[in-house]
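Trainee: Could we take a close look at one part of this model, the contacts between its charged side chains? I would also like to know how they fit with the rest of the chain.

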Amino acid sequence: QVQLAESGGGLVQIGGSLRLACEASGRTFSKYGMGWFRQAPGKEREFVAAVSGSGNTTFYADSVKGRFTISRDNTKNMVYLQMNSLRPEDTAVFHCAATTVTSGASIYFTNSDKYVYWGQGTQVTVSS
């Protein structure tokens, strides 16, 4: 069992930055690939970014490439999402999630069905 807790959300102006953090329980954190997903009101949940168990491989949705950076610290059981150049369309509840897939093709990391543990989410609001 893995428990995930997100933090770092908030209200930010267009063009601003936020850093989301996700703390995971358990002693086998490196055995999980980690991802960030988001869900805006009235929309389906969508993939944002993911990182392999080792941290060596990352994946991004086209909409956030070049603006967001995912990273992890396996010594602290933490995964981060640095978000820069934020836009109103980034407004959503952001969830971190864990998958038992630690490496492989992007399809295994971008598909929410592959994730078995989810956090409660943290709200990100981008406003002018």
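Which residue does the side chain of Asp 62 meet in a salt bridge, and at what N to O distance?

Mentor: Happy to. Asp 62 meets Lys 65, side chain to side chain, with 3.2 Å from N to O. The term salt bridge stands for a side-chain nitrogen of Lys or Arg within 4 Å of a carboxyl oxygen of Asp or Glu. Before we go on, a word on the ground rules: this is a predicted model, in which local features need pLDDT of at least 70 and side-chain atom pairs count only at pLDDT 80 or more, while totals for chains, interfaces and linings use all residues. Residues are numbered from 1 along each chain as its sequence is written, and side-chain values use heavy atoms, with hydrogens and water left out.

Your Asp 62 has a relative accessible area of 65%, so Asp 62 is exposed (over 50%; buried is under 20% and partly exposed lies in between, with a 1.4 Å probe and protein chains only). The whole structure holds four salt bridges, so let us follow some others. Asp 90 and Arg 67 join their side chains in one of them, at 2.8 Å from N to O. Asp 90 sits in the loop between β8 (78–83) and β9 (92–99), and Arg 67 in the loop between β6 and β7 (68–73), so this pair ties together parts that are 23 residues apart in sequence. (Strands are DSSP E runs of at least two residues, helices are H or I runs of at least four, and both are numbered from the N terminus.) In contrast to the exposed Asp 62, Asp 90 is buried, with a relative accessible area of 0%. Its partner Arg 67 counts as buried too, at 7%.

Another bridge links Arg 38 with Glu 46, where the N to O distance is 2.6 Å. Here the two ends have unlike surroundings: Arg 38 is buried at 5%, whereas Glu 46 is partly exposed at 34%. These contacts come together, since Arg 38, Glu 46, Arg 67 and Asp 90 are linked in a network of salt bridges.

Charged ends also meet aromatic rings. Arg 19 places its charged end over the ring of Tyr 80, 4.0 Å from the ring centre, and Arg 45 lies over the face of Trp 118, 4.1 Å from the ring centre. Such a contact needs NZ of Lys or CZ of Arg within 6 Å of the ring centre and within 35 degrees of the ring normal.

Trp 118 leads us on to the rings themselves: with Phe 37, Phe 47 and Tyr 115, Trp 118 forms one aromatic cluster. Rings of Phe, Tyr and Trp (its six-membered ring) pair if their centres lie within 6.5 Å; planes under 30 degrees apart are stacked, over 60 edge-to-face and the rest tilted. The count by that rule is six aromatic pairs. One of them joins Tyr 32 and Tyr 117: the centres are 6.0 Å apart and the planes stand at 70°, so the pair is edge-to-face. Tyr 32 belongs to the loop between β3 (18–24) and β4 (33–39), and Tyr 117 to strand β10 (residues 115–118), so the two rings tie together parts that are 85 residues apart in sequence. Tyr 32 is buried at 13% relative accessibility, and Tyr 117 is buried at 18%. Next come Phe 59 and Phe 109, with centres 4.8 Å apart and planes at 20°, so they are stacked. Because Phe 59 is in strand β6 (residues 58–60) and Phe 109 in helix α1 (residues 107–110), their pair ties together parts that are 50 residues apart in sequence. Both Phe 59 and Phe 109 are buried.

Now for the frame around these contacts. One open sheet has four strands in the order β1-β3-β8-β7, with antiparallel pairing (two strands pair if DSSP finds at least two bridges between them). Its edge strands are β1 (4–7) and β7, each pairing on one side only. Between β3 and β8, which run antiparallel, there are six bridges; Leu 18 stands opposite Met 83 in β8.

Stepping back, the protein chain contains one helix and eleven strands, in the order β-β-β-β-β-β-β-β-β-α-β-β from the N terminus on. Of its 128 residues, 44% are buried. Along its principal axes, the C-alpha trace spans about 40 × 25 × 25 Å.
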